[in-house]
Amino acid sequence: MENELKVPTMAELFAAGQQPEVLFWVGCAGSFDDRAKKITKAFVKILNKANVSFAVLGTEESCTGDPAKRAGNEFLFQMQAVTNIEVLNAYEVKKVVTACPHCFNTLKNEYPGLGGNYEVVHHTQFLKQLLEEGRISVEGGQFKGKKITFHDPCYLGRANNVYEAPRDLIRKLDAELVEMKNCKKRGLCCGAGGAQMFKEPEKGKKDINVERTEQALETQPDIIAAGCPFCNTMLTDGVKNKEKESSVAVMDIAELIAMAEDL
Amino acid sequence: MDYIPNIIFAIILFAGIGFFARNVKKLSRNIKLGKEVDTSDNKSQRWNNMFRIALGQTKMVVRPIPGILHIIVYLGFIIINIEVLEIIIDGLFGTHRIFSFFGGFYSFLIGSFEILALLVIIAVVIFWIRRNVIKLRRFLNPEMSGWPKKDGNLILYIELVLMVLFLTMNAADYQLQQMDAAHYTKAGAFPVSQFIAPLFQEMSMSVIIMIERSAWWLHIVGILLFLNYLYYSKHLHILLAFPNTYFGKLKPKGQFENLEAVTKEVRLMMDPSADPFAAPDENAPIPEKFGASDVMDLKWVQLLNAYTCTECGRCTSECPANLTGKKLSPRKIMMDTRDRLEEVGKNIDTNKGEFVPDGKQLLGDYISHEELWACTSCNACVEACPVSIDPLSIIMDMRQYLVMEQSAAPSDLNNMMGNIENNGAPWPFNQMDRLNWSKES
C-alpha cells in the first residue's frame, strides 16, 4: 500500500510556530490537472523520503499570473502577483521550489520588482541538490539501457539558462541520454507557452506539439522526459497523435526519480 | 589645372559624407520617437556584450557555414577599409600610395588586403548562390518578396564590384610599376592581382593608367555610394549592430518588464485607505496608454532593433509558430516596425517636423492580430538573433494594447483570464479544492 503523503501547509506550520526549509509552490496545473497532479505527488514522495522540511500554501495559493501576463493582461498579472506576494511575505518565505517553469520564471524574475524577493529554484535543481547532499540516492537499475530524451521547457532553458540540472538527473539514472536535433538553447517549444495552452492554435499547417514530438521520436526514445506540466500535456498529446503511446512514455523528471527510488 | 582632380575628389568626398550625416541625423530622430528607457546600468556588461556579439561575431557561428562566410566578408570590409584612408589622403593631396614608405609592412598590408578581397569575392558568390540557386527557406518567406529580395542581391553585387575594382586597380598599378611608369612608385605586394596584371601586358602605358585611374575613382565613389545606400537598405546593421548589442536586453530572457503605470493603479486598488469615492484630480495627467499600437508607443531600443535588422531570418527559421505554417514571422515584425517608422519619419519631414495623423498604425495596417496571437513567447527568435534584437518584446507590447486598451483577446483567453480573476486558476476549479490532490491516491 502506498504511504500517505505528508503535505503540511504553511498555515499549519505557522500555527505551530515552525518555519519550513522551503515552500513548495504547486501551481495551478500541479493542483488541478490530472496528469500534473501525478508529478506533484511524485515530487512530494521524494521530499517526504528525504525528510525535507517543506510546506505548501494549499488553498492560499493562487495563479502566479503568468498566463495573464503573456496574454497581455498586465493588470490581472499584477493583481495576482501582489496578492501572492502578500501571502508569501506574511509567512516570511525565503526559498521556493516549484515543478512548473512558468511559475518558476514569474516568481524568480517578475515578483522581485513588485516586492517579492525569494530564492526560487526549479524542482530539477532542487532534486539535483538533494542528490549531491546525499539526502536521496538513486539506483538506476530499472532505467539501465533505456533511451531517454529531454525536452527543454522554454521558460526553464532559454528563459533562465537551466539546461544541466535535469540532464544530470537523467544521467544518474544510468539511462542513455539522447538529444533531439533541437535542444538546449535551440530547443523547440512544445507550443503551450505565451498562453497558447488556453487557446486554439492559429491557422497553420501543423500543430507545434506534433512537430516537437516528431523531433523527440526521431531519437527513438523509450521515455520523453519533461520538466514542465504544460510541455508534458503537449508532448503526451503529440505521442498519442503519432500513435506511439504504447511504446513511448512522457514523464516528468520527478516521476523518473520517484520510480528509481521505488516510491 | 593640376588641382582639378583634387578639388573634384574633395567635393565628392564631402558630399558623400555630408549626405550620409544627414541620413544619420534622420535615423537618430526617428529612433528617438520611441519612449525613453534607462540604459545607463551595467556598463561593463554592455561593453562586453558589444565586443563579444558584434565585434567578435560569436552568435554568427551558431550556424557555421554562413557564420564563417560572414566573418570573412566582415573582416574583409573592416581591414580593407584601412586602404580607404590611403585613398582619401592620395585623393585630397594628389599623392600616390602615400603609405608606401612603410616598406615591408606596406607590402604585407596590401598583400593581406588582396587575399581578403579574393576571399570576400568567394564568400559573396556563395551567399548569392544560397539566396538564388539553393533558395534557402529563410530567404523565401512571404515578407522577402519584392524590395527585400532585390536589396539582398544588390548588396552582394555592390560588394562584388567594389572588390573587383580594388583588385583591378592594384593589377594595373602593379603592371605600371613593372613598366617603370613615372609617379607609380614600386610598392606593395600583389599576391592576387599579379595574376590579373598579364591581361594589361599588351596595352600601352596610357591605357593602363586610364584603367588604373578609372578603377581607383570608381572604387572610392562606389564606397561613398554604398555608404549612402545603407540608410535605404537592410544593410544598416554593419553600423547599428554595435549600439544594438550594447543596448540589448541584459535580464533573463524570461523576465518581461512589469508595467509601472499598472503597478500604480494596482497599488491604489489594493490600498485600504484609498477613498473609493474620491473625485478625480482635475489636473491629473492623462493616463498612459497601455501597450503599443504604433511605433511611437514602443521604446527607442525597440526602434533601434528595427533599423538594425538585416533580414537574415534566423529568428523566423527558429520560430515554432512559423515552422508549423502560422502567419507569424519575427523578422516580419521587425521589418514592419522599421517600415512604419520610416513612414512616420517621412510624414514628419513633409509636415515640417510635426507628425500629422495618417489614419494608419503599426497594429492592423502592418501587423495583424493573427500574427500576434500565434506567438508562444518561447524566446527562440531572441536567442537566434546574432545582433540582440528582441522581436518578442514588440509582440508582447502589442498584445498588451489589444487586451488592456481594446479588450480584443481571443475568447478562449478571455475565459482563461476570467477564471484567474474568479478562482485564481486558469481553469474553472474552486480555489478551496487546491489541495485536494494530497488526499487522492
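In chain A, strand 5 (residues 147-150) and strand 6 run parallel and are joined by three bridges, where helices (H or I, at least four residues) and strands (E, at least two) are DSSP runs numbered from the N terminus, and two strands count as paired if DSSP finds at least two bridges between them. One of these bridges sets A:Ile148 opposite its partner A:Leu177 in strand 6 of chain A. This is a predicted model, in which local features need pLDDT of at least 70 and side-chain atom pairs count only at pLDDT 80 or more, while totals for chains, interfaces and linings use all residues. Residues are numbered from 1 along each chain as its sequence is written, and chains are lettered from A and ligands numbered from 1 in the order in which they are written.

The pairing of strands 5 and 6 belongs to an open sheet of four strands in chain A, with the order 6-5-7-8 and parallel pairing. Strand 6 (176-178) and strand 8 (249-252) of chain A are its edge strands, each pairing on one side only. From one strand to the next the twist averages 35°, with axes taken as lines fitted to C-alpha atoms, for helices over the stretch in contact, and angles running from 0 to 180 degrees between N-to-C directions. Helix 11 (residues 253-260) of chain A lies across strand 7 (223-226) and strand 8 of chain A, and its direction is at about 90° to that of strand 8.

Chain A also holds another open sheet of four strands, ordered 2-1-3-4 and again with parallel pairing. In general, strands of a sheet pair through backbone hydrogen bonds, either parallel or antiparallel. The edges of this sheet are strand 2 (54-55) and strand 4 (119-122) of chain A, each of which pairs on one side only. Beginning from the strand 2 edge, strand 1 and strand 2 of chain A pair in the parallel sense over two bridges, and A:Val22 has A:Phe54 of strand 2 as its bridge partner. Strand 1 of chain A is also joined to strand 3 of chain A, by three bridges and in parallel; here A:Phe24 is partnered by A:Val97 in strand 3. Strand 3 (residues 95-98) of chain A in turn runs parallel to strand 4 of chain A, with four bridges between them, and A:Lys95 is bridged to A:Glu119 in strand 4.

Two helices of chain A can be placed against this sheet. Helix 6 of chain A lies across strand 1 (22-25), strand 3 and strand 4 of chain A, running at about 160° to strand 4. Helix 7 (residues 123-132) of chain A packs on the sheet as well, touching strand 3 and strand 4 of chain A, and its direction makes about 90° with that of strand 4.

For chain A, an unreviewed UniProt entry lists residues 22-108 and 148-235 under "domain: Cysteine-rich"; positions from UniProt are given in the numbering used here, feature names are shortened, and annotations may be inferred rather than shown by experiment. The span 22-108 of chain A is 61% helix and 11% strand, with its end C-alpha atoms 14 Å apart. Residues 148-235 of chain A are 31% helix and 11% strand, and the end C-alpha atoms of that span lie 14 Å apart.

Where the two chains meet, 59 residues of chain A are in contact with 56 residues of chain B, contact meaning that the C-beta atoms of two residues, placed from the backbone, lie within 7 Å. The elements of chain A that give two or more residues to this side include helix 2 (27-32), helix 3 (34-49) and helix 9 (208-218), and helix 5 of chain A gives the most, with seven residues. By class, the side of chain A that touches chain B has 22 nonpolar, 18 polar and 19 charged residues; Ala, Val, Leu, Ile, Met, Phe, Trp, Tyr, Cys and Pro count as nonpolar, Asp, Glu, Lys and Arg as charged, and the others, Gly among them, as polar.

Chain B is divided into domain 1 (4-31 + 63-246) and domain 2 (260-271 + 288-427), with bounds that come from an automatic or database domain assignment. Taken over C-alpha atoms, the centres of these two domains of chain B are 38 Å apart, and 19 residues of domain 1 are in contact with 21 residues of domain 2. On the domain 1 side of this contact, helix 7 of chain B gives the most, with six residues.
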